[in-house]
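Student: I have a structure in front of me and plenty of terms to sort out. Can we go through them together?

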Number of protein chains: 2
Amino acid sequence: MYLLEDLFQLLGKGNVLTGDDCAPFEQDWRKRFLGKALAVARPGTTEEVAAVVKLCAAASVSIVPQGGNTGLCGGATPNTSGKQLILSLSRMNRIRSIDTANDTLIAEAGCVLQTVQAAAEQAQRYFPLSLAAEGSCSIGGNLATNAGGTGVLRYGNARELCLGLEVVTADGEIWHGLRGLRKDNTGYDLRDLFIGSEGTLGIITAAVLKLYPEAAERNTSWVTTNSIANCVALLALAKQRLGPTLTGFEIMNANALRLVQAHMPQLTLPIALDAKQAGNEPYAVLLECSDHEGGAHAQTLFQSLLEAAFEQGLVHDAAVSTSMQQRAHMWHIRESIPLAQAQEGLNIKHDISLPISAIPEFVETTSQALGVAFPGAQLVNFGHLGDGNLHFNLQAARGANAAEFLASNQARCNSLVHDAVHFRGGSFSAEHGVGQLKASELARYKSPLELALMQRVKTAFDPTNLLNPDKVLSA
Amino acid sequence: MYLLEDLFQLLGKGNVLTGDDCAPFEQDWRKRFLGKALAVARPGTTEEVAAVVKLCAAASVSIVPQGGNTGLCGGATPNTSGKQLILSLSRMNRIRSIDTANDTLIAEAGCVLQTVQAAAEQAQRYFPLSLAAEGSCSIGGNLATNAGGTGVLRYGNARELCLGLEVVTADGEIWHGLRGLRKDNTGYDLRDLFIGSEGTLGIITAAVLKLYPEAAERNTSWVTTNSIANCVALLALAKQRLGPTLTGFEIMNANALRLVQAHMPQLTLPIALDAKQAGNEPYAVLLECSDHEGGAHAQTLFQSLLEAAFEQGLVHDAAVSTSMQQRAHMWHIRESIPLAQAQEGLNIKHDISLPISAIPEFVETTSQALGVAFPGAQLVNFGHLGDGNLHFNLQAARGANAAEFLASNQARCNSLVHDAVHFRGGSFSAEHGVGQLKASELARYKSPLELALMQRVKTAFDPTNLLNPDKVLSA
């Protein structure tokens, strides 16, 4: 195999992994997909990425770009042929520059998200992208999958936080699109085409990211409501009262909180659940406000929201954090749900979004339908209600064989949920992307026209199907 | 010509204009371009738009989509062949629906921007896109050109205000992409490809637009500074102090204000200019704050900004509006600059953007270079500093023959300014688009790779070059 020799020569032997050394790169984070790679190449510069692509093109070896390998849809995992090259961006992890007067930062694709956040903070700025995997995911992967997370309500998805890109194309050319401009109407929006394309149209090597002023105070509160409809009504009230200071609005149903209690008993809920109750209600809402004026102002504003919410009967009980520790504790509970689910056992996950107005009826109708179709199973409903994004997961009944439950019910459950979402104008993948996991859902729910337009884009950018083949668009 | 017969049949004779009736559609708003159309078709529904496209494709007649015909780059003006069809979206002017719980509105492409703003207001919501032509431009044109305007600092360009699109493709098919979702990661971002493509990739027929809560109070202030560097420093301070309540930051140099004084003497400046001075300084800054808490809070916040700005020596004088009338007056002055320029005579216009950090040095260096190259000419520098977007225009010396000045200097002046912008990582078209006017600049300043990628997109979506040929990408 000449390609390996050429890669050794280009990158040095230490930066081309083969055999067992590839193992950590061949499986996705959730262990849903296990591939076999020809090798893992770890270029250290954009020019090296371009050279790797050219070598692969010449050898007809397809490329699977990989960042922090924390994706949830298998988009960065190779197939089992042993013939694909994993191109890891992990060595390209420099913050290239920070421009505080322009409120921008240039980061290489392999920068860990937390490193970007920290670099912004050091410059007295705020980079708002935040998600559970931030300690290991990379900004290149965040952009390739248009990551969402907990700050979208106020700051938008990864897409909205990026002003410019540097990309290596399927021809091994470098697109120098690292512009730090808020306005630029000079031709087609190539940037947004690469963002969210999961490495199938080009390999993102660096990005210009938007920074924001730091808030003087963040205020986190925990509120309980007795229905999903009241959660939605509270969201509307909070948007009206708090305006742009409302930066987070997360919900958790009672089933989700019970799992946290069962598996992380050390995490006391700010408002205890009634031990005798079962089911979806009550919901807990985690509200986050980011205030530029300071703590007193934040408290006053939030207090007035709460009063109105109590008056309108939207809220049952409320706890306001009074220390950094309490804030962190509330977020910790919210972020422990996926792990609590994992400890409970295998489960059927969904990452859906809906018009917010459609959510109460959707949740009610679909909970009932799931109850009929899968008796005893627990609906674990939580997520970013402020963005209309729910993780609407189904957990096997306690004591049931979860693996069996999954094997026999997953396809039917996905269809039930995704059909209900599609019917109401929603999305079967709000923030996790498509990868391999949802390529068949894409083929199922998108119109033939939309699929054809996407295929035309793919063919235009990567006619030989060199970049991450069979991800997003299935063959 | 069978096409005309077919169009008559399809749309009714009254909706197919020919001969002199086409005249108002054949010239752009600034009267820079005069074309000759085969006819103007005015379909009333998306299905009719699709049918018109199919008829044109069969007859090999290319199509120039047109909204309110207020574009500044000739993107909606046909060529002089008499063989192109103007497709006017003006009859598609319905607000299809408003969803307040989802904070979205669906508007047809031909809706006048002001109508969209008013519909939002009636629903106690705010649609932030705002620009001088809002009384006649259409939302379809705003999206096709990714319009900017005065609210970008806080709310983004037209692109950021759109969640979904309905588009008729070059094949006459309808893409039903009217999704009202804040998060949707299901494949390539076709929406953002159509936005800003100026009708060359598809015809936008309707859009889902984002709405925001209404502010309780808008606070407008007029401040003078003695340099562009101080304007930039004041912007940084205002972003830090006012956070997301800062919704507008416009600057005007003294030359711009002098033109307003000369041609609209009834518009008294909030802070008078020294009649003896000449040149760029002082600058006036118009700051707009949108407050969710009310007038008292807005005043306190702004007062504390002003104190800090005076303390740091950034500001020379300040006037705060205390009534709706004063607010409107300040904005009226700002918006009168283009008209004052027109009354002064022909001038060389630029619509540039730069990293904000690069602006002070750029303005100083380029003003000097223009002074040397075009002695006596007046630099009229104004625009949306908060977005790094300046209208950096050159007006012939008073008393000079402006037409002659333009004819002999425009190309050289454009090169001087755009080269300086390009060198600093800026854009030769921040918010006006490319159209015909700047197609040669696009070819000049974009890399061969970027041009090739754009051409591939065009070919993928419109292989027969049916849609708005020779706009954006020149043949």
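Tutor: We will take the terms in turn and set each value against its rule.

Student: What kind of model is this?

Tutor: It is a predicted model.

Student: What makes β5 and β6 of chain B a pair?

Tutor: Two strands count as paired if there are at least two bridges between them. β5(B) and β6(B), residues 104–108, have four bridges. That meets the rule, so they pair. The sense is antiparallel. One of the bridge partners to look for is B:I106 in β6(B), which partners B:S97.

Student: Which strands make up the open sheet in chain B?

Tutor: Five strands, in the order β5-β6-β10-β8-β9. The pairing is antiparallel.

Student: Why are β5 and β9 of chain B said to stand at the edges?

Tutor: Count partners. β5 (95–99) and β9 (174–177) of chain B each have a single partner strand, so one side of each has no neighbour in the sheet. On average, neighbouring strands of this sheet are turned by 15 degrees against each other, direction ignored.

Student: Which helix lies across strands of chain B, and at what angle to β8(B)?

Tutor: Helix α3, residues 46–59 of chain B. It lies across β5, β8 (162–168), β9 and β10 (203–210) of that chain. To β8(B) it runs at about 45 degrees.

Student: Now the two chains. How many residues of chain B are in contact with chain A?

Tutor: 78 residues of chain B are in contact with 78 residues of chain A. Contact here needs heavy atoms within 4.5 Å. The area buried between the chains is about 6,400 Å². Carbon and sulfur atoms give 57% of that. In chain B, the residues that lose the most area to chain A are B:K183, B:N185 and B:Y188, together 16% of what that side buries.

Student: Why is the link between B:K183 and A:E431 called a salt bridge?

Tutor: The rule asks for a Lys or Arg side-chain nitrogen within 4 Å of a carboxyl oxygen of Asp or Glu. The closest N and O atoms of B:K183 and A:E431 are 2.9 Å apart. That is within the cut-off, so the name fits. The rule finds 12 salt bridges across this interface. The count of residue pairs in polar contact between the chains is 49.

Student: Which element gives the largest share of chain B's side of the interface?

Tutor: α15(B), with nine residues. Other elements giving two or more residues include α8 (228–242) and α10 (295–311) of chain B. By type, this side divides into 28 nonpolar, 28 polar and 22 charged residues.

Student: How do you know that A:K36 and A:E26 form a salt bridge?

Tutor: Check the distance again. It is 3.4 Å, N to O. The cut-off is 4 Å, so the pair qualifies. A:K36 sits in the loop between α2 (23–26) and β2 (37–41) of chain A, while A:E26 belongs to helix α2. They are 10 residues apart. Over all chains the structure holds 42 salt bridges.

Student: Where is there a cis peptide bond in chain A?

Tutor: Between A:E281 and A:P282, with omega about -5 degrees. A:P282 lies in the loop between α9 (254–263) and β14 (283–291) of chain A. In chain B, a cis bond joins B:E281 and B:P282, with omega about -5 degrees.

Student: What is notable about the phi of A:S60?

Tutor: It is positive, about 55 degrees, although A:S60 is not a glycine. Look for A:S60 in the loop between α3 (46–59) and β3 (63–66) of chain A.

Key: Residues numbered from 1 in each chain as written. Chains lettered and ligands numbered in written order. Predicted model: local features only at pLDDT ≥ 70, side-chain atom pairs only at ≥ 80, totals over all residues. Heavy atoms only, no water. Axes fitted to C-alpha atoms, helices over the stretch in contact; angles between N-to-C directions. Buried area = accessible area lost by both parts, 1.4 Å probe. Polar contact = N/O pair within 3.5 Å; in protein donor to acceptor, adjacent residues only side chain to side chain. Nonpolar A, V, L, I, M, F, W, Y, C, P; charged D, E, K, R; others polar.
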